[in-house]
Amino acid sequence: MKKKTGLIFFPAFDYAISPTHPEREERLLYTQDQVFEEGLLDFDNIKEFKPDIATAEDIQRVHFCVPGIDEVVHASHLIAVGGTLTAADKVMQKEVDNAFALVRPCGHHSMRIVHGSRGFCTLNMEAIMVEYIRQKYGIKRIAIVDTDCHHGDGSQDIFWHDPNTLFISMHQDGRTLYPGSGFPDEMGGPNAFGMTVNLPLPPETGEEGFLYVLDEVVMPILNDFKPELIINSAGQDNHYSDPITNMKFTAQGYAVLNHRLKPDIAVLEGGYSIESALPYINTGIILAMAGMDFSHIREPDYDEKKLRQSPAITAFLKQLKDLTLSQWKNRDVLRDKVYPKQAFHKRTSNIFYDTDRIRESQEETVRTCPDCGGAVVIDSRADTGRQGHVLAIQIPRYVCGACRTWAEEQFENAQKGKYSQVFLQDKDRDVYLEK
C-alpha cells in the first residue's frame, strides 16, 4: 500500500570539517541527483519540504552547550536539526504518513553536555526532535532504532535515565570501531533499566545477519514496548563499500529493513560511501517508506557471493539474540543486581571530543525514583580552562514532586564560584535557567 512520504533535504553547502573529510556536502548531492533522475518527486505520494531552523529553546530541551550555543553551534547544525523538526511536524499534523530527513551534519554521538564536536556530531538531532514532539504534541512512548554502523553513544547518554524512550542500537562491535562502546550490559540507568538495548554485530555481518537481528530481536522488543512513534536513526555506513567501517550490508537490505521496521520518521546519520552507496541506499529507503516497489534497487558492483556472511557470524548472532531477549524479559530482576537499593547512584565517565580534541570528565548523580526518570546532576570538567567546569542539573519530563524538590535545591545551593556556569534544564516545565 502506498504511503504519503515527506522528504527534507539539507546538504549543508557551507559546512565541512575539511574539504576532504568524509562528512562533507557531497554526501547528499549524489543522493539528490539520484532522486531527481529516478523521478521520485514526480509521484504524488512523495513530497519535498524545506527545513525550518531550530531555536535555542529546541536545543536547550536536550543539551547543555558550554559556554553557550553560539560558541559551539554552526548555522548548518540549526538547519539540519530544523529539518528533523519539519519532518516531525509533517507527520504529527498528518500531512504525510512518514518522513525522511536527509540532512547533515549528523548528530547521534552528541551527548547531553556539549563542549564541542565529537564523532562528526555537535547536536543530537533525534533527541532534540523527540523532546520537541513531546513538548508540542504530547507523545510519550517513543522508540529510536539506531542502524548506524557506529554505536549511538550520544543518544544512549541522553536517554539513559528515560523510562519512556526505548533506545535500540545495531552497530559494529565496539571492540573494532569508534566509539568503543555499545555492549549488551549497557542497559540504562536505575530508573530506566532495560530501555537501552545494544546489539553489537561482528565485522562483516551481511544482509542475512542484519535482517535476522531485526526480525528476531528488534521487532519482538518493539512489539512488547508498544511505542507511539518509531524513529530510525538511519546511518548508512554498514554498507559493504563504506570506507571507514567493516560491514557487508546492501542497499536492498536497507530498503527491506525500513519496509519491515516501518519508521514514522527516519533521520540520516552516517554513511560515507558517497557515490557507490548513498544514492542507492537512500532511494531504496524512500521507496520502502512510500510503500513502493524497491526490488530493483541494486548497486552496480553488487556481488551476492562476495557479500555472504560466514557461518560463525550466523552462530554468534543466534547467541546474541538469546542473550538480548533474556535480558529484556528479565530486566527487572537484573536491575536489582546492577543497582542496589539506595537513594542515589553515581557514575563517572571520560569523554574525548575527537573532532575538537577536547577531553572531558564527568561525575553524574541520579536520584533513584520509582515514579519518574529521576533528577540528575552532572559535574562536568573539560580541559578548556576555567570555563570548562560546569554543573548541569536536569529535571525529567513527567517528574515527581520529590525529584523536582531535590533538583531545585541542587540548583539553588550550587556554589557559583566553584563553576563557570550552573545550568537547570526543566524538561517538565520547558524552562532552561543559567547562573
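# A tour from the cavity outwards

The residues lining the largest cavity divide into 4 nonpolar, 5 polar and no charged. That is the first stop in this predicted model.

**Stop 1: the cavity**

Select P184, M187, G194, T196, V197, N198, T324, Q327 and W328; these residues line the largest cavity. Now colour by element. Strand 8 (196-201) and helix 10 (311-329) are the elements that give two or more residues to this lining. The space inside the largest cavity comes to about 70 Å³. How many cavities of 30 Å³ or more are there? The count is 1.

Why roll a probe at all? A probe the size of a water molecule, rolled over the atoms, shows where empty space is left.

**Stop 2: the pocket**

Move to the largest pocket. About 420 Å³ of space lies in it. Select M111, Q156, S181, R347 and S349. Of the 19 lining residues, these lie nearest the centre of the pocket.

Which element gives the most to the lining of the largest pocket? Strand 11 does, with 6 residues. Show strand 11 (344-353) together with helix 6 (153-158) and strand 12 (358-367): each supplies at least two residues of the pocket lining. Then colour the lining by class. The largest pocket has 6 nonpolar, 7 polar and 6 charged residues in its lining. Set that beside the lining of the largest cavity, with no charged residues.

**Stop 3: the turn after strand 11**

Stay with strand 11 and follow the chain onward. R357 sits in the loop between strand 11 and strand 12. Check its backbone: phi is near 60°, a positive value in a residue other than glycine. Is R357 buried or exposed? R357 counts as exposed because its relative accessible area is 59%, and the cut-off for exposed is over 50%.

For context, most residues other than glycine have a negative phi, and most peptide bonds are trans. The next stops bear on both points.

**Stop 4: helix 4 and the loop after it**

Select helix 4, residues 75-92, and pick out T86 within it. T86 is buried, as its relative accessible area is 2% and the cut-off is under 20%. Display its surroundings. Beyond residues up to four places away in sequence, T86 touches I8, F49, K50, P51 and D52.

Now leave the helix. K94 is in the loop between helix 4 and strand 4 (98-103). Its phi is about 65°, positive although K94 is not a glycine. K94 has 71% relative accessibility and therefore counts as exposed. T86, by contrast, is buried.

**Stop 5: D264**

Next, select D264. The residue lies in the loop between helix 8 (251-261) and strand 10 (265-268). Its relative accessible area is 21%, so D264 is partly exposed; buried would need under 20%.

Which residues is D264 in contact with, leaving aside neighbours within four places in sequence? The list is V91, D97, N98, A99, E228, L229 and I230. Draw a distance from D264 to L229. They are 35 residues apart in sequence, yet the C-alpha to C-alpha distance is 6.3 Å.

**Stop 6: two cis prolines**

Go to V66 and P67. The peptide bond between them is cis, with omega near 0°. P67 lies in the loop between strand 3 (64-65) and helix 3 (69-72).

Then go to Y178 and P179. A cis peptide bond joins this pair too, with omega about 0°. P179 is in the loop between strand 7 (165-172) and strand 8. Strand 8 is already familiar from the lining of the largest cavity.

**Stop 7: zoom out**

Show the whole chain as a cartoon. The secondary structure comes to 12 helices and 16 strands. Along its principal axes, the C-alpha trace spans about 60 × 45 × 40 Å.

What radius of gyration does the chain have? It has 21 Å, which agrees with the value near 22 Å for a compact globule of 435 residues. Of these 435 residues, 62% count as buried. Among contacts with a separation of 6 or more, 73% come from residues 24 or more positions apart.

Finish with the surface on. The protein chain exposes about 16900 Å², and carbon and sulfur atoms supply 49% of that area.

How values were computed:
Residues numbered from 1 in each chain as written. Predicted model: local features only at pLDDT ≥ 70, side-chain atom pairs only at ≥ 80, totals over all residues. Heavy atoms only, no water. 1 Å grid on protein atoms, 1.4 Å probe; cavity = no way out; pocket = protein on both sides within 12 Å on 5 of 7 lines; lining within 4 Å. Points joined across faces, edges and corners; volume = space filled by probe spheres on them. Helix = DSSP H or I, 4+ residues; strand = E, 2+ residues; numbered from the N terminus. Nonpolar A, V, L, I, M, F, W, Y, C, P; charged D, E, K, R; others polar. Rg over C-alpha atoms; globule rule 2.2 N^0.38 Å. Buried < 20%, exposed > 50% of the residue type's maximum accessible area, 1.4 Å probe, protein only. Contact = heavy atoms within 4.5 Å. Areas by Shrake-Rupley, 256 points an atom, 1.4 Å probe, with all protein chains shown as cover.
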